[in-house]
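Me: I am new to this structure, and I would like to go through it slowly, asking at each step what the words rest on. Please show it to me before we begin.

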Amino acid sequence: ENLGELELIGELRAEDPINEDNSFTSHIQVIPNEADVLGDFTFKESYGIINTANIIYINVRNQGNNPARNVNVKLYDDGVEINDFSISRLGHGESVSLLSEWTPTTAREHELELVVTADEDADLTNNAYSEIINVLDKKTFNFNIMNLLRESIPRYLTLDGDRYFVHVIPF
């Protein structure tokens with residue numbers, strides 16, 4: 001029951017102690033003798049692009065002391081399942097890298113959530129990982145650049161196949 005960081009307090013006793021303070025304190029990490037799976041993900045870019053297959057790099061790991069069995073990995077976009085993976089066994093301290101494609105159909109902020117579960121998982125509080133990802137229209141990106149006077153100049157970039165064009169935003 002007592003998992004996590006615990007404080008161990010002790011006292012040494014001797015007939016002729018060298019000093020009067022014979023106590024000591026130590027912190028120990030108590031981990032379950034069970035599987036404990038969790039995961040996270042990253043993107044190649046810090047944003048997604050609408051109607052394009054965006055690659056998500058998923059990392060799943062078992063930080064418990066025993067192998068995890070029947071590991072289920074699900075990825076959600078605003079609560080709607082978009083991909084799932086099954087891993088039959090994930091050893092103690094082992095991790096697995098997965099790739100997922102995600103093709104958002106709306107340009108806005110999306111909450112992506114990764115949920116990792118396994119049979120007899122010791123800690124259910126660390127099974128979900130989420131991030132807010134901004135999805136942009138693939139045709140136009142707005143951004144600012146700084147001129148030599150450190151003034152911000154608004155620009156926009158248009159994409160046309162493999163070509164791109166930078167324009168000044170008119171005032």
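Reply: Strands E5 and E8 pair in the antiparallel sense over eight bridges, and Asn-59 stands opposite Ser-97 in E8. This is a predicted model, in which local features need pLDDT of at least 70 and side-chain atom pairs count only at pLDDT 80 or more, while totals for chains, interfaces and linings use all residues. Residues are numbered from 1 along each chain as its sequence is written, and side-chain values use heavy atoms, with hydrogens and water left out.

Me: What makes E5 and E8 a pair of strands?

Reply: Strands are DSSP runs of at least two residues (helices, H or I, need at least four), numbered from the N terminus, and two strands pair if DSSP finds at least two bridges between them. E5 and E8 have eight bridges, so they satisfy that definition.

Me: Which bridges join E3 and E5, and in what sense do the two strands pair?

Reply: E3 and E5 pair in the antiparallel sense over seven bridges, and one of the partnerships is that of Asp-40 with Asn-59 in E5.

Me: How do the side chains along E5 alternate?

Reply: Asn-54, Ile-56, Ile-58, Val-60 and Asn-62 point to one face and are buried, while Ile-55, Tyr-57, Asn-59 and Arg-61 point to the other face and are not buried.

Me: Why is Asn-54 called buried or exposed?

Reply: Buried means under 20% relative accessible area, exposed means over 50%, and partly exposed covers what is in between, with a 1.4 Å probe and protein chains only. Asn-54 has 8% relative accessibility, and therefore counts as buried. Asn-54 lies in strand E5, which spans residues 54-62, and among the residues that Asn-54 touches, not counting those up to four places away in sequence, are Phe-43, Tyr-47, Trp-102 and Pro-104; here contact means heavy atoms within 4.5 Å.

Me: Why does Lys-44 count as buried or exposed?

Reply: Lys-44 has 65% relative accessibility, and so it counts as exposed. Lys-44 is placed in the loop between strand E3 (37-43) and strand E4 (48-49). Leaving aside neighbours within four places in sequence, Lys-44 is in contact with Ile-55 and Tyr-57, and its C-alpha atom is separated by 8.4 Å from that of Asn-54, 10 residues apart along the chain.

Me: Why is the pair of Phe-41 and Tyr-129 called edge-to-face?

Reply: A pair of aromatic rings is described by the distance of the centres and the angle of the planes. Rings of Phe, Tyr and Trp (its six-membered ring) pair if their centres lie within 6.5 Å, and planes under 30 degrees apart count as stacked, over 60 as edge-to-face and the rest as tilted. The structure holds three aromatic pairs. In one of them, the rings of Phe-41 and Tyr-129 have centres 5.1 Å apart and planes at 85°, so that pair is edge-to-face. Phe-41 lies in strand E3 and Tyr-129 in strand E10 (residues 128-136), so the pair ties together parts that are 88 residues apart in sequence.

Me: How do you know whether Phe-41 and Tyr-129 are buried?

Reply: Phe-41 has 1% relative accessibility and therefore counts as buried, whereas Tyr-129, with a relative accessible area of 27%, is partly exposed. Phe-41, Phe-43, Trp-102 and Tyr-129 form one aromatic cluster.

Me: What makes a nonpolar core, and which residues touch the most other members of the largest one?

Reply: A nonpolar core is a set of buried Ala, Val, Leu, Ile, Met, Phe, Trp, Tyr and Cys residues joined through side-chain atoms within 4.5 Å. The largest nonpolar core has 23 residues, of which Phe-41, Ile-56, Ile-58, Val-60, Val-71 and Val-73 touch the most other members. The elements that give two or more residues to this core are E3, E5, E6, E7, strand E8 (95-102), E9 and E10.

Me: How do E6 and E7 pair, and what lies between them?

Reply: Strand E6 (residues 68-77) and strand E7 (residues 80-90) pair in the antiparallel sense over nine bridges. E6 and E7 form a hairpin with two residues between them, and Asp-78 in the turn has a positive phi of about 50°.

Me: How many helices and strands does the chain have?

Reply: The chain has zero helices and 13 strands, and of its 171 residues 27% count as buried.
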